[in-house]
Amino acid sequence: MRSHPERMPRPRPPPDRISAVTGGGPTPYNGQAMPSPIRDASVSDFAQTVLERSHDVPVVVDFWAAWCGPCRVLGPVLERLAHESGGQWELVKVDVDRNQALALQFGVQGIPTVIGFRDGQPVARFTGALPEESVRQWLRGLVPTAADRAAAEGNVALQAGRLEEAEAAFRRALESDPAHQGAAVGLATLLIDRGELDAAEAVLAPVPDGDEVGRLRSTIRTKRGAGDLAELRRQLEADPSNPRARLAYARGLAADGQAEAAMDEYLLVIGDGDPEAAEEARKAMLDLFQTIDDPELVSTYRRRLASALF
């Protein structure tokens with residue numbers, strides 16, 4: 001059961017009470033000096049111990065006080081998990097009685113409050129003595145996994161134009177976590193650029209839909225309309241009243257990157273009166289909207305699509 005946090009501020013307890021809890025030493029829970037990766041911090045060294053260090057490894061800061069019952073519940077859990085992590089993250093303990101300025105700076109109103117830092121910034125927090133499994137889940141959101149690290153390597157290589165290296169890193173990430181969004185997006189982007197649409201679609205299959213994933217799925221569907229534009233145009237000119245011929249030509253234009261021309265053709269299909277072809281054209285336009293980087297153009301054609309439909 002979750003222990004409720006103690007409210008801040010509270011008066012500092014007498015020295016004998018602190019000794020009863022801490023054994024008189026710097027460690028609040030077991031009276032022994034904290035080994036790495038656990039350490040104390042104060043106002044004087046917080047910047048170095050937490051902010052600077054968090055550029056190298058995530059740092060979890062436990063704001064506690066000796067008189068706080070929930071702190072005595074949560075503290076040993078954090079310490080044990082810090083040792084289990086094998087250095088993937090570090091635990092820093094801040095006594096709010098001795099460091100009220102830090103508590104105020106980071107908006108600590110109840111204790112224990114735990115704040116996770118990455119790259120010099122607080123990125124996650126919770127207050128109260130959460131159950132161990134809840135703490136583990138919180139840490140999974142803070143500490144990069146092997147898949148996170150591989151995906152980050154892939155993005156660096158991709159930005160540098162080292163495509164083979166990027167692909168290898170993205171694939172390593174997906175071996176560890178097939179639903180890793182960053183790695184799937186990176187690898188699918190490379191595959192789409194190479195025209196390997198089926199492979200890209202398979203990579204994205206385990207990943208929940210989102211803005212970037214949805215855009216790539218739309219791109220795949222759009223590019224599936226590729227064909228010989230000259231031939232598609234000849235077929236349309238031979239039978240200009242055929243909505244299927246016009247739809248095929250519009251798909252070819254979209255796959256070729258001629259978005260505006262494709263949307264003009266889709267609108268003609270929608271206005272032709274063939275319900276099935278019109279619905280396909282509508283869906284194709286919605287996909288195409290996701291691939292266009294010009295918001296003004298998208299807005300214009302969204303209005304034209306709404307007028308054609310209603």
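**Strands, helices and cores in a predicted model**

Trainee: Which residues of S3 are buried on one side, and which on the other?
Mentor: In a regular strand the side chains alternate between the two faces of the sheet. Both faces of S3 are covered in this predicted model, where buried means under 20% relative accessible area, exposed means over 50% and partly exposed lies in between (1.4 Å probe, protein chains only). The buried residues are Val 59, Val 61 and Phe 63 on one side, and on the other Val 60, Asp 62 and Trp 64.

Trainee: From what number are residues counted along each chain?
Mentor: Because the model is predicted, local features need pLDDT of at least 70 and side-chain atom pairs count only at pLDDT 80 or more, while totals for chains, interfaces and linings use all residues. Side-chain values use heavy atoms, with hydrogens and water left out, and residues are numbered along each chain, as its sequence is written, from 1.

Trainee: How many helices and strands are there in the protein?
Mentor: Both are DSSP runs, numbered from the N terminus: helices are H or I runs of at least four residues, and strands are E runs of at least two. By that rule the protein has 15 helices and seven strands.

Trainee: Which strand pairs with S3 in the parallel sense?
Mentor: Two strands pair if DSSP finds at least two bridges between them. S3 (residues 59-64) pairs with S6 in the antiparallel sense over five bridges, and Val 61 has Ile 115 of S6 as its bridge partner. Elsewhere in S3, Phe 63 stands opposite Val 94. The parallel pairing, over six bridges, is with S4 (residues 90-95).

Trainee: How many residues of S6 are buried?
Mentor: S6 has antiparallel pairing with S3 and also with S7, through six bridges. In the second pairing Gly 116 stands opposite Ala 124. S6 is largely enclosed by the rest of the structure, because the buried count among its six residues is five.

Trainee: Which residue in the turn of the S6-S7 hairpin has a positive phi?
Mentor: The hairpin has two residues between its strands, and its loop lies between S6 and S7 (121-127). The phi in question is about 55°, in a residue that is not a glycine. That residue is Asp 119.

Trainee: Which residues does the cis peptide bond join?
Mentor: The bond has an omega of about 0°. Its proline lies in the loop between S5 (110-111) and S6 (113-118). The two residues are Ile 111 and Pro 112.

Trainee: Which cysteines form the disulfide?
Mentor: A disulfide is a pair of cysteine sulfur atoms within 2.5 Å, and the count comes to one. Its S to S distance is 2.4 Å, and the link is right-handed, with 85° about the S-S bond. Both residues are buried: they are Cys 68 and Cys 71.

Trainee: Which helices each supply at least two residues of the largest nonpolar core?
Mentor: A nonpolar core is a set of buried Ala, Val, Leu, Ile, Met, Phe, Trp, Tyr and Cys residues joined through side-chain atoms within 4.5 Å. In the largest, of 28 residues, Met 263, Tyr 266, Met 285, Leu 288, Phe 289, Ile 292 and Tyr 301 touch the most other members. The helices are H11 (229-238), H12 (243-255), H13 (259-270), H14 (275-291) and H15 (295-309).

Trainee: Which residues is Ile 292 in contact with, leaving aside its neighbours within four places in sequence?
Mentor: Contact means heavy atoms within 4.5 Å. Ile 292 is one of the core members that touch the most others. Its contacts are Ala 259, Met 263, Leu 297 and Val 298.

Trainee: How far apart are the end C-alpha atoms of H13?
Mentor: The buried residues of H13, including Met 263 and Tyr 266, pack against H11, H12, H14 and H15. The expected span of a helix is 1.5 Å times one less than its number of residues. For the 12 residues of H13 that gives 16 Å, which agrees with the distance in the model, 16 Å.

Trainee: Is Ser 299 exposed, partly exposed or buried?
Mentor: Ser 299 is found in H15, and its C-alpha lies 9.0 Å from that of Phe 289, 10 residues apart in sequence. Its relative accessibility is 31%, so Ser 299 counts as partly exposed.
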